[in-house]
Amino acid sequence: MSLTASRERLLATTDHLIRPDQNLNDRQQSWIHPRLIQSVDPIKGRQLRVSQPIRKGELLLVDLPYALIPVVDCPEQSEDIRCSNPACHRRVARTVERVSCPNRCSADVVWCNPSCRDADNIRHQFECTWLKKYATSIRSKWGEYDFGMLWLIVRILANRHVEFRNTPSSDKTGSVSSNLGSFETGWNAIRSFCGSQETWAHSQVRHWTMLVKKYLGSSDSLPHGMSSSDVLDLICQEEANSFGLYPRETGAFPLPELAVDRGEQFGAGVYPTAALANHSCSPNIIHKPDNQSRMVFVASKDIATGEECCISYFDLTKKVELKDRRDHLQGSFRFVCKCDRCVSEEPPEEEVQWEEFPSMEDF
Ligand SMILES: [Zn+2]
Ligand SMILES: [Zn+2]
Ligand SMILES: [Zn+2]
């Protein structure tokens with residue numbers, strides 16, 4: 001790695017940017033920069049903007065996941081698995097004494113220590129029976145992707161269950177973050193995610209409908225009380241808004257001379273505020289989970305007043321050509337990318353068509 005590349009990477013590393021004076025030790029709250037605002041674009045829908053200029057390198061968002069699952073090949077060996085307790089979500093190294101579920105529901109469920117496990121008891125009880133009953137069979141029948149998707153939905157429902165127990169019923173709607181009244185939090189934020197059944201291909205929706213019917217109906221072992229169609233809507237939203245968690249940052253652009261990819265995925269999660277960010281193939285935000293699995297946004301360029309804040313939804317080092325990028329975004333996120341970079345790289349087809357029009361001299 002060249003010196004320039006390592007300096008670029010140092011700048012893009014997010015953990016050191018969280019200063020102690022930003023008071024982020026309270027795990028119950030996300031932190032949103034006072035200049036980061038939410039607005040609605042008639043075409044793109046909800047988006048993040050800045051109300052005043054932001055300098056390159058400034059921290060813009062530290063967002064707690066609403067739900068998170070590990071995505072690792074071999075949980076017993078993995079160094080990247082995270083604590084199941086949402087108030088912790090720290091990396092649980094193999095060398096420390098991990099705690100598993102006494103019910104042996106899944107090898108992917110671990111905690112840092114007995115107190116992390118005990119504090120997470122109510123939430124885990126919600127998923128434990130379901131995991132024990134279905135984890136192995138879903139994995140062998142439908143594969144890791146569908147299992148991960150279903151488990152993430154179960155964890156969202158488990159957090160909702162805990163949230164509703166803790167919140168007086170009059171407070172269930174309209175709760176807002178302390179920083180900015182325009183940002184919704186908790187279950188309300190998840191329910192306002194973009195994505196619906198119309199977003200996705202019919203064959204995809206049919207497949208999810210079948211999975212919901214088979215594995216996610218409300219029952220004694222999964223007492224969420226929602227209708228099948230509401231759970232299906234939740235899948236459509238989760239699939240359009242969830243983040244993959246990778247050890248290194250996503251979105252450095254222009255690509256450094258010796259670009260480093262973002263590494264192997266170790267988790268997937270839903271983030272109430274981070275999910276508002278739209279995509280650009282030349283983003284002005286770099287994102288990366290910190291060591292407590294919070295999603296951290298840092299400005300990678302100076303951002304002018306009113307400018308939209310965009311992240312990249314994929315690893316820019318892996319898809320460089322216009323066609324690769326657009327095919328990927330169309331397939332995974334259901335839109336044709338019209339970002340500045342994509343538009344500037346479009347082949348000039350229209351010009352040829354214009355030349356075929358009769359000129360004035362022909363009349
Ligand atoms: Zn823990
Ligand atoms: Zn369990
Ligand atoms: Zn693009």
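A residue counts as buried here if 20 or more other C-beta atoms lie within 10 Å of its own. In this predicted model, Thr 273 has 25 C-beta neighbours inside 10 Å, so Thr 273 counts as buried. Thr 273 sits in the loop that links β9 (267–270) to β10 (278–279). Setting aside neighbours within four places in sequence, the residues in contact with Thr 273 are Ser 30, Ile 32, Leu 61, Asp 63 and Phe 183. As for Met 295, 22 residues separate it from Thr 273 in sequence, and the two C-alpha atoms are 9.4 Å apart in space.

On one end of that loop is β9, a strand covered on both faces. Gly 267 and Gly 269 are buried on one side, and Ala 268 and Val 270 are buried on the other. Strand β5 (residues 67–70) runs antiparallel to β9 and is joined to it by 4 bridges, with Pro 70 standing opposite Gly 267. Strand β8 (residues 243–245) is antiparallel to β9 as well, this time through 3 bridges. Here it is Leu 245 that stands opposite Gly 267.

On the other end of the loop, β10 belongs to an open sheet of 4 strands, with mixed pairing and the order β2-β3-β13-β10. Each of β2 (36–41) and β10 has a single partner strand and stands at an edge, so one side of each is left without a neighbour in the sheet. For β10, 2 bridges make the link to β13 (residues 308–311), and these two strands run parallel. Within this pairing, Asn 278 stands opposite Cys 310 in β13.

β9 also turns up in the surroundings of helix α6 (residues 228–241): together with α3 (121–166) and α5 (202–215), it is among the elements that cover the buried residues of α6. Those buried residues are Val 231, Leu 232, Leu 234, Ile 235, Cys 236, Gln 237, Glu 238, Glu 239 and Asn 241. The list takes in Glu 238 and Glu 239 along with Leu 232 and Ile 235. With 14 residues, α6 reaches 20 Å from its first C-alpha to its last, close to the 20 Å expected at 1.5 Å a residue.

Helix α7 (residues 322–333) passes the length check too: its 12 residues should span 16 Å at 1.5 Å a residue, and the end C-alpha atoms are 16 Å apart, which agrees. Just after α7 comes Arg 334, which takes a positive phi of about 65°.

Notes. Residues numbered from 1 in each chain as written. Chains lettered and ligands numbered in written order. Predicted model: local features only at pLDDT ≥ 70, side-chain atom pairs only at ≥ 80, totals over all residues. Buried ≥ 20, exposed ≤ 12 C-beta atoms within 10 Å, placed from the backbone. Contact = placed C-beta atoms within 7 Å. Pairing = 2+ DSSP bridges. Expected span 1.5 Å × (residues − 1).
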